[in-house]
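Work through the exercises below with the sequence and the 3D view side by side. Try each task before reading its solution.

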Amino acid sequence: MASTNRRVSLEAADKSLIRKPFQAVRFEGSSKAPAEAVYELLADLRSHLEWAGAKQLETTRLLTMEAPAGPATVGTEFVTTGSDGKVARFADRSVVTEATRPAVFEFVTQSSRQGKPGSRPWHVTLVHRYEIDSEPNGCRVTYTEEITRMSGAPRAFAMPGIRRLIYRISARYMRRGFDALIAMAEEQTAVQ
């Protein structure tokens, strides 16, 4: 009987806390850089180590990336690791699902978050989408993150009010990377 209960609890742990996809984060920003410049940075996956890594806070950032050289296209796969605070680490596998130059860059990430030693890992599926609209003096960039699956996280994440609060806090850190992307595109355009 004990093994049956354990199997049931493991199956329950693998079920997603997410009953339907939800938008966790949405940012908008204007850039003096043309849409093409922002798109080029997004498609150059290795540049993510700069704007989402080195230019982020030391505790919350992208740490490593294995990605092919050259601009990413639909089907390009890449692997990253990241930090979420002083203890937690992410190991991610991503694939580019839309690459429409210079308007849309989207990728889906299968993420595994490991917290304190001995704790159960979280598994999350995220859709990252960047929409870039040309404007007379640059472009407007919109970033959305949709979470389609989450398992292993504390049950509090299933509660919409608590989930919104947690994502509002994490959005502050993520906004820093978004702003760094826009600034980097402007810097590179100014140099040319």
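**Exercise 1. Place strand 7.**
Task: Find how many residues of strand 7 are buried, then identify its partner strands.

Solution. Strand 7 covers residues 138–151, and 10 of its 14 residues are buried. Buried means under 20% relative accessible area, exposed over 50%, partly exposed in between (1.4 Å probe, protein chains only). The model is predicted: local features need pLDDT of at least 70, side-chain atom pairs count only at pLDDT 80 or more, and totals for chains, interfaces and linings use all residues. Residues are numbered from 1 along each chain as its sequence is written, and side-chain values use heavy atoms, without hydrogens and water.

Next, take the partners. Strand 1 (residues 22–31) runs antiparallel to strand 7, joined by 9 bridges. There, Q23 faces E146 of strand 7. Strand 6 (residues 122–135) is also antiparallel to strand 7, over 13 bridges. I132 has V141 in strand 7 as its bridge partner. Finally, follow the chain: a hairpin of 2 residues links strand 6 to strand 7.

Strands (E, at least two residues) and helices (H or I, at least four) are DSSP runs, numbered from the N terminus. Two strands pair if DSSP finds at least two bridges between them.

**Exercise 2. Assemble the sheet.**
Task: In what order do the 7 strands lie, and which strands stand at the edges?

Solution. The order is 1-7-6-5-4-3-2, in an open sheet with antiparallel pairing. Strand 1 and strand 2 each have a single partner strand, so one side of each has no neighbour in the sheet. On average, neighbouring strands are turned by 25° against each other, direction ignored.

Now check one inner pair. Strand 5 and strand 6 run antiparallel, joined by 10 bridges. S111 has V124 in strand 6 as its bridge partner. Then add helix 2. Helix 2 packs on the sheet and touches strand 1, strand 4, strand 5, strand 6 and strand 7; its direction makes about 160° with that of strand 6. Axes are lines fitted to C-alpha atoms, for helices over the stretch in contact, and angles run from 0 to 180 degrees between N-to-C directions.

**Exercise 3. Compare two residues.**
Task: Is V38 buried or exposed, and what does V38 contact? Repeat for T80.

Solution. V38 sits in helix 2 (residues 35–43). V38 counts as buried because its relative accessible area is 0%. Beyond neighbours within four places in sequence, V38 contacts S31, I132, C139, V141, L181 and A185. Contact means heavy atoms within 4.5 Å. V38 and Y130 are 92 residues apart in sequence, yet 9.7 Å apart in space, C-alpha to C-alpha.

T80 belongs to strand 3 (residues 77–84). T80 is buried too, because its relative accessible area is 5%. Leaving out residues up to four places away in sequence, T80 touches L62, T64, M65, F90, A91 and D92.

**Exercise 4. Describe the pocket lining.**
Task: Which element gives the most to the lining of the largest pocket, and how do the lining residues divide?

Solution. Helix 4 gives the most, with 8 residues. The lining divides into 21 nonpolar, 13 polar and 5 charged residues. Here Ala, Val, Leu, Ile, Met, Phe, Trp, Tyr, Cys and Pro count as nonpolar, Asp, Glu, Lys and Arg as charged, and the others, Gly among them, as polar. A pocket is an open set of points on a 1 Å grid over the protein atoms alone, where a 1.4 Å probe fits, with protein on both sides within 12 Å along at least five of seven lines; lining residues have an atom within 4 Å of a point.
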